Amino acid sequence: MWKEYSISYLKKNKITSISIMIAALISAMFLSLITTLFYNIWVDNINRIIKEEGDWQAKITGSLSEKERESIQGVANVEAVVISQTEAGMETLVYFYEMRSIYEDMPEIIKLIGVDEEYVQYHNMLLSQYFIFDPEDERPPMLLAFYVFVMAVAGISLMLVIRNAFLISMQSRLHQFGILQSIGATPRQIRICLLQEALGLCLLPIFTGIAGGVSLCYGVIQLANEITADYHGEKAVFSYQMELFIIAFLASIFTVLYSAWISARKFSKMSLLEIIRGGEEQEDVRKLKKFRFISFCFGIEGELARKSLYVRRKALRTATLSLTLSYLAFSVFLCFMTLSGISTKYTYFERYKDVWDIMVTVKDQKINDMEALLDEAAIDKIESYYIYQKVLTYTWLTEDMLSDELKALGGFLAVAGTDVSMEADRYQVTVPIIIMEDRSFQNYCERIGVNVSALNQGMVCVNRIWDNIHSNFRGKQYIPFIKERVNKALPLFQTNNERKVMTEIPVLAYTNQLPELREELANYALVQIMSASTWQGMATNMRVEEPETYINVQTAADKDNNSVLAEVVRVLGGKDYEIENRLEQEQFNTEIKKGYTLIVGGLCGLLAIIGLANVFTNTLGYIYQRKREFARYLSIGLTPQGIKKILGMEVLIIGGRPIVFTIPLTIVFVVFAASASYIDLAEFLKNMPIVPLIIFACIIFGSVALAYYVGGRRLLRVNIIEALKNDTLS
Amino acid sequence: MEILRCEGLTKVYGNADNQVKALDHVNLTIEKGEFVAVAGASGSGKSTLLHLLGGVDYPTEGKVFVENTDLSTLTPTSAAIFRRRKVGLIYQFYNLIPTLTVERNIMMPMLLDKKKPDMEFFDQVVATLGIRDKLNSLPSQLSGGQQQRTAIARSLLYRPALLLADEPTGNLDHSNSREIIEMLKLSNKNLGQTIIIITHDEKMALEANRIITLEDGRIASDESRRR
């Protein structure tokens, strides 16, 4: 009898059944997508860590005897002991059967073989991927925990969607079950009926949803590979395990059965009369807000709509939260990307547009050989180039050496603050040295108007320091750093903890202009530019190796980049080098941004779909109660147009609420972020992502309106008489 | 003066294979200020008659005139406006709007018309019905009797031509039933309100000055009484 009753009900109430099936399908699909996606990210992380740092779990540095190794191997939990020879010396890698006890077993092992604790290293990064953390680490890596947290929140939200769909469907059937109970059906029979219905309705959508989620994940990974195909890095590989299917399936089926059971349990707590009345107690409103603003603006229809939504706020909670969060996240993300784009444009692409086009880093080559190589190649279409190396040294400055301008600002400490270290009455200052190939150095000197008679007698001091009191990092103003004393030698140290002067090099001239190089130099450093001849002649006692030589190339025009690049590659054939292309970087940056927008937009879309699914289940699931509600209005003179107005108001409130919440929060975020990063708000307004935000808002409004249109059509067919006293089975 | 007239009023439910004739060519005239009780067994068609008179439902055949307006020709919108302005409907289960206060519930027909109620009359009605101190309460905070009085106040506020009550005491105890009847009589007497009341209760029917008895959708008897 129950089987027939269920089949008959499901057939007669197709929309309700379909809304439950859709909720189960969407939830299972996204549950499967999220678990599969996070699993793939996790596997990718592990593979990357293993590739970069090795697959060892713990290691002991230094040589161990055969006997010591045997002792380690003898420990029950040790799976393998592997000897490894690296540049740093011998290492003994220890692998465990059960990694979780690594932080207990390893101290025992070193105690056993008598090795000091300092020789032991744990692969914390790899271990953390398995949630194994050093108990003494106060700040363990928590990225994975964050991923799991996000996954759990999304998973629970999706489970709530299924539960909500069931509750709404059950609510609409309360009076029917009440009638069945009144003629002798036991609560147990009704519970079994509901569980059977739940399984019958949801099994197929769950299987389909899981398959859809896996396919979507595969698509996302392929898309990510597609975006990064032309650039660097390895392709992500899709992987799937049966355990993932089992997790998604069990989570979905558990939610379905639990939701049906919860709904069934509600019956046992209600009186028969309440059930027969179709859960009218839901409208037993004891306390209500007044909503004067809505009443004032939209009249009694607005008030009725707002209050009706307020009464149903629990049922609409998923929709409210999901839609608001999705729109807020999307809005903040787009604004963040816009601000970040503006920032990158000015601090990188715009700033370096006329500084470099191609940057070559050649390893283990002499600087003068590079010059000869480029000369020999005689590459056309190069506007200019600098060949240089970099060395970081230090010097000490006393108060009397500082410029009057710097003193006027309050001294070095006032400007540099904690970025400067001080000892007794002197400051330690970093001195980055740019060693230019002689001809590049000559070009630089000519450009800054300095006449250097001989290339091997000293260096040019870029005598400037950022006046951060009167300017921000986006529009830096500079003042002289030290007093200019031509031909006075500057003492240089090799490392920052040495006191001994390694060498002293005369300063031939002072300037406030850096060479046009793609270099980010420290804010409060005293930069020195010297020729390769000076370096080779005067710094021979410095134990500094310059393994890398940089060639900063500016082409005649952007269109020449590829041909110049091809020629440079040809010339450097056989050497160890890396090449960066500014235009390609810019393009890559744009593609990455698109990828991020796609992924974050997708996640926001997912959240929005969860919310919209809830709106659909609400509009289609509460038909019975809403028919009674509207019949009441109609009986006292509300017109069909009035009902449409109420429904329209509800669309406006449900769709508009996320926007109303989002606008002020986004404004606060933008103002805060723009002022913190010194970005002009007018510049932001010019680039504001208004179109995608409007499109997103329209999609939300459109979908909510569609849900109300479908539900509203059934509501508008309400028969007042039937709705006000409908106790029949339908 | 005639306020209501039915001519050959017929209502048939169901499809061609399974037809139920709820009303069968009913002819009826009611004068302004009358207090009429429509009695009859279950299924005799009395609720159907009330719904047709209130413009809630449309007749299959025949006409209903209220103050010379033919209800059978009204569009759904015009019928709604008619219900709002010309009739006051009182139901057994009150049909108050649970999300509105008593005051807003009573004013609802006027608010739908974007009109301000005559506050003097409003005060008079709520004072007479004894719900002045409940104006800020929600329906769920009232007893059954208070809810029905609120429904009566709502039906009276627009000073409608007709007040139609479908088993108004069906959900109330004896004492509350008595009070509601007294109030309906009071509004009939003091305000000259025309009242048509549907009831099973013989004692209640005897309170009216005219009793119409329906049987199988036809008027079986129509007798005037002196109170």
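What percentage of the 730 residues in chain A is buried? In this predicted model, buried residues account for 35% of chain A. The secondary structure of chain A consists of 24 helices and 16 strands. Contacts in chain A were examined for pairs of residues at least 6 apart in sequence, and 83% of these contacts join residues at least 24 apart.

Chain B contains seven helices and ten strands. Of its 227 residues, 50% are buried. For contacts in chain B between residues at least 6 apart in sequence, the share that joins residues at least 24 apart is 70%.

The overall dimensions of chain B were also computed. Along the principal axes, the C-alpha atoms of chain B fill a box of roughly 50 × 40 × 35 Å. A compact globule with 227 residues would have a radius of gyration near 17 Å, and the value for chain B is 17 Å, so the two agree.

Within chain B, strand E6 spans residues 87-90 and is covered on both faces. On one side lie B:Val87 and B:Leu89, which are buried. On the other side lie B:Gly88 and B:Ile90, which are buried as well. Strand E6 of chain B is joined by four bridges to strand E7 of chain B, which covers residues 162-166. The two strands run parallel. One of the residues of E6 with a bridge partner in E7 of chain B is B:Gly88, and its partner there is B:Leu163. B:Gly88 is thus both a buried residue of strand E6 and a residue bridged to strand E7 of chain B.

Conventions
Residues numbered from 1 in each chain as written. Chains lettered and ligands numbered in written order. Predicted model: local features only at pLDDT ≥ 70, side-chain atom pairs only at ≥ 80, totals over all residues. Rg over C-alpha atoms; globule rule 2.2 N^0.38 Å. Buried ≥ 20, exposed ≤ 12 C-beta atoms within 10 Å, placed from the backbone. Contact = placed C-beta atoms within 7 Å. Pairing = 2+ DSSP bridges.
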